[in-house]
Amino acid sequence: MTDTNPPPSGRDSLTDDLRWRGLIQDSTGPDELRALLDGPSAAFYVGFDPTAPSLHVGHLMQVTTARRLQLAGHRPLLLVGGATGQIGDPKESAERALNDPEVVAGWVRRIRDQLAPFVSYAGDNAAQLVNNLDWTGEMSVVEFLRDVGKHFPVNKMLAREVVRARLDSGISFTEFSYQLLQANDFFELHRRHGCRLQFGGSDQWGNITAGVDYVRRRGAGPVQAFTTPLVTKSDGAKFGKTEGGAVWLDPELTSPYAFYQFWVNVDDRDVGRYLRYFSFRSRAELESLEKETAERPAARAAQKALAEELTTLVHGEREMAQVVAASQALFGRGSLDGLEATTLRAALTEAGLVHLDELPDVAGLLKESGLVPSMKEARRVITEGGAYVNNVRVTEVDAVVPAGDLLHGRYLVLRRGKRSFAGVELRK
């Protein structure tokens, strides 16, 4: 079917913007989807299963897309899967570990809080948080089999790729039934809240279309759906992973400074695509940033713009200001005195933070921090004027750091030359 319906007069097309950004991979009827997206306010839902204590950057595609739809006038239903999170969508390799209900309930509360910065809970199209445990938890096994299960042909369920991949090694009825639970969520949200649209990652297309079909089989609807592409990296590495593991939205698991640095270090080949996915800048601004990156890649203007926008969105303006101040100060382009202890420690941890019981002289600090391989090299760097402590050049080879120079009473910032730095924390 051809996607031909024009947007309402006097209003930019949300559908065209989503397609330009590459945010629609698969969809139900294109004309019907366009009419819904570019039409009057409609309720939509996107789901997040609590399988960890925090969302990570891999979830940003869904939360920023939900924000985009709300800004266009639609009403978000943010579903946190208190029920489906206890089951787990099938993996290609093996059964998922099942978490205790109490653990899942705690993760539900944390994820609800993390979703708050992305949407507005006020106004005519106020967002609403919903939990599928509210309707699934009340359902008996007989009700589930009679009212839900009878609408699902097993041959279609077996045709799902991830299920087929597990048939030889084995798949439990628990994971096999996940599709029914997710489909029932769409029906219940349609019945309770008038939900007309679901979207999710492209790996969820089978579950999502099962939900569209289930709503129809129950005599409701019509409803629509689309999927966003899975976010990838040009070098083949998994998006959202660093040497330290996943990049989380929870500041206790990934500091705002580390979060910012993740985006600053995005490959030039990826940054234009990520800007379209995640940024709320206009098309003209994004095209200008892409052009600047192509002409002056060393300036990393696109990466910095993306890092500042997303860090502000996830962690707030105050944390963003601290992160930028730390990034500048560590390289001698700003004062270290105004940095909060948590921001300073996070930045030094990213660079390499050593813990000492007592402070050696500056040459010893350079060696202990790993900035130089030997005391001989440390003395040479000092003599040549390339050693800095707290952004102050040290020129005496036997210099020591006064206790009063410790930042927050315990930290030192060491730098060799313009770009190599490390941190020291004095144990107390």
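Let's call a residue buried when its relative accessible area is under 20%. Keep that cut-off in mind as we walk through this predicted model, where 49% of the chain's 428 residues pass it.

First, the overall picture. The chain runs through 19 helices and 13 strands, and its C-alpha atoms fill a box of roughly 85 × 50 × 40 Å along the principal axes. If you take the contacts with a separation of 6 or more, 73% come from residues 24 or more positions apart.

Now zoom in on helix α17, residues 341-351. Its buried residues are Thr343, Leu344, Ala346, Ala347 and Leu348. That spacing is worth a glance with helix geometry in mind: an α-helix has 3.6 residues a turn, so residues three or four places apart point the same way. What sits over the buried residues of α17? The cover includes helices α12 (256-264) and α16 (317-330), along with strands β9 (353-356), β12 and β13 (420-426). Just after the helix comes Gly352, with a positive phi near 125 degrees.

One of those covering strands, β12, spans residues 411-416 and holds Arg415. Here's a curious one: Arg415 is buried but has no salt bridge, and the nearest side chain of opposite charge, Asp337, is 13 Å away. What does the Arg415 side chain have by way of polar contact? It pairs with the side chain of Asn391 at 3.3 Å. Beyond its sequence neighbours up to four places away, Arg415 also touches a string of other residues, among them Leu330, Phe331, Tyr388 and Phe421.

Helices α12, α16 and α17 turn up again around the second largest pocket, where each supplies at least two lining residues, as do β7 (241-242), β8 (245-246), α13 (268-278) and α15 (301-315). This pocket has a volume of about 1300 Å³. Of its 46 lining residues, Tyr257, Gln261, Phe262, Val264 and Asn265 are the closest to the centre.

For a last stop, go back along the chain to Arg67, in helix α3 (residues 60-71). Is this arginine buried or partly exposed? Its relative accessibility is 24%, so Arg67 counts as partly exposed. Arg67 also makes a nice example of a long reach in sequence: Phe118 is 51 residues along, yet the two C-alpha atoms are 5.8 Å apart. Setting aside neighbours within four places, Arg67 is in contact with Phe118 as well as Pro117, Phe280 and Leu313.

How values were computed:
Residues numbered from 1 in each chain as written. Predicted model: local features only at pLDDT ≥ 70, side-chain atom pairs only at ≥ 80, totals over all residues. Heavy atoms only, no water. Helix = DSSP H or I, 4+ residues; strand = E, 2+ residues; numbered from the N terminus. Buried < 20%, exposed > 50% of the residue type's maximum accessible area, 1.4 Å probe, protein only. Lys, Arg positive; Asp, Glu negative; His and termini not counted. Salt bridge = Lys/Arg side-chain N within 4 Å of Asp/Glu carboxyl O. Polar contact = N/O pair within 3.5 Å; in protein donor to acceptor, adjacent residues only side chain to side chain. Contact = heavy atoms within 4.5 Å. 1 Å grid on protein atoms, 1.4 Å probe; cavity = no way out; pocket = protein on both sides within 12 Å on 5 of 7 lines; lining within 4 Å. Points joined across faces, edges and corners; volume = space filled by probe spheres on them.
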